[in-house]
Amino acid sequence: MVNRLVVAAPASGSGKTTVATGLMAALRRAGSRVAPFKVGPDYIDPGYHSLATDRPGRNLDPVMVGEHRVPGLFAHGSKGCDIAVVEGVMGLFDGRVDTAGIGSTAHVAKLINAPVVFVVDARGQSRSLAALLHGFRGYDPTVRLGGVILNQVGSERHEQVLRSACDEVGLDVLGVLPRDPQFSLPSRHLGLVTAAEHGPEAVSAVDAIAAAVAKHVDLDAVRRLARSVPSMAVAAWEPQVEAVGDEPVVAVAGGAAFTFGYAEHVEVLKAAGAAVAVVDPLHDEDLPEGTSGLVLPGGFPEQHAEALSGNTKLREAVARFARSGAPVHAECGGLLYLARSLDGHPMCGVLDAEGFMTPKLTLGYRDAVASASSPLHPPGSRVTGHEFHRTQLSTPHSTPPAWHWRGVDSRPVAEGFVVGGVHASYLHTHPAGDPEAIARFVRACHPFVAGVADGTVFA
């Protein structure tokens, strides 16, 4: 596998995204071909990684795809690169709740045998840093802490004390970032504002972070650390699905409102024989010509509800398409788009439910069982997915629902909609964990190829 390192921290809010994105961008500007990764199910950070590297940001999530697939997915995403930078999630040892760190940054670092660059927010501490580093390094000696980047350092004297603390425990300081508000990225109710929505300002923010990292971090030392990994021969992941029949057109929603998608989704769709066409529900007034399947991924439609509602022509086209029985795969934001309304703004009206914002964050992995036959799953299929939203629906599911799982205190939960060819749910899934579901979806498109081509689906 390629030279590699993992960027981790003691806790969320330490500056992992800033440092990881800055490292990716600074290394690329210095001539490296950088492969970007994010631990866990997060969709937002990979958008900034993509800006920094000009490559698809990818996720490494043992919970969603199985730990046995992580090295292969890493090798797949690193093809053609000379260094890979993996941004961690939360604190170094924080994984799925009530497990022994499954899905944590430490777990992934061990799966790909990579050293860890430890980012510490140094505000409010000096020599106590030595105790913190000693504790993290000793907690699991099989995780290799390769060096420290000190973030939010207040003065030269502060830096000297912190460096002495690192010397006490024998960890190299790879860089020192001063306190500066321009090194941060804008936040919103689910975390960072997506790169697609932030537009030119996102590019400027990445440029500023890259310049700061190039100035304050020893990139040569970072490269040496990334090269200090053992040789590993790993077969790169490839979607193992069979393409059948003619090439159906699958429209995938994109643009600023629908940015929550994994790069492997499109790759599996294509491997299964689909021709993928992007549709932007904010601007496009019709589905792509010949569409016989529709994917509506997650995103932030609640931030664009008025504009989405104003595109009446596309809403009506999506409604006609869905009611024809053609396969539609909608997750989270896509689910909201298919509802009657979102925060009072008319949506597609495919689902008998209304969506609205709430102050409550719904977050966590779910071990779900498919309740009904759909274009994606036969009944009884099991998946592990992830919920991440602050919205709710007036009607949480159809009869039968898309999924059942056990909630808090083992209470049964029913969620999502299976209506005709529509499978719509709050649950995000990773296609590499179940590529056969995507292949099944493409096969379900084939009966609609001719119908769409001659216009009868939209009658």
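**An open sheet, two helices across it, and a pocket**

Let me start with helix H11, residues 263–271, which lies across S10, S11, strand S12 (291–296) and strand S13 (328–331), and runs at about 140° to S11. Contact here means heavy atoms within 4.5 Å. Axes are lines fitted to C-alpha atoms, for helices over the stretch in contact, with angles from 0 to 180 degrees between N-to-C directions. Helices (H or I, at least four residues) and strands (E, at least two) are DSSP runs, numbered from the N terminus.

This is a predicted model, where local features need pLDDT of at least 70, side-chain atom pairs count only at pLDDT 80 or more, and totals for chains, interfaces and linings use all residues. Residues are numbered from 1 along each chain as its sequence is written, and side-chain values use heavy atoms, without hydrogens and water.

A second helix, H15 (residues 435–445), lies across S10, S12 and S13, at about 145° to S12.

Now the sheet. It is open, with 6 strands in the order S11-S10-S12-S13-S21-S20 and mixed pairing; two strands pair if DSSP finds at least two bridges between them. Strand S11 (275–279) and strand S20 (417–419) are at the edges with a single partner strand each, so one side of each has no neighbour in the sheet. From one strand to the next, the twist averages 15°. S10 (residues 249–253) and S11 run parallel, joined by 5 bridges, and Val 249 is opposite Ala 275 in S11.

Last, H2 (44–53), H8 (195–198), S10, H11 and S11 each supply at least two residues of the lining of the second largest pocket. A pocket is an open set of points on a 1 Å grid over the protein atoms alone, where a 1.4 Å probe fits, with protein on both sides within 12 Å along at least five of seven lines; lining residues have an atom within 4 Å of a point. H2 gives the most, with 5 residues.
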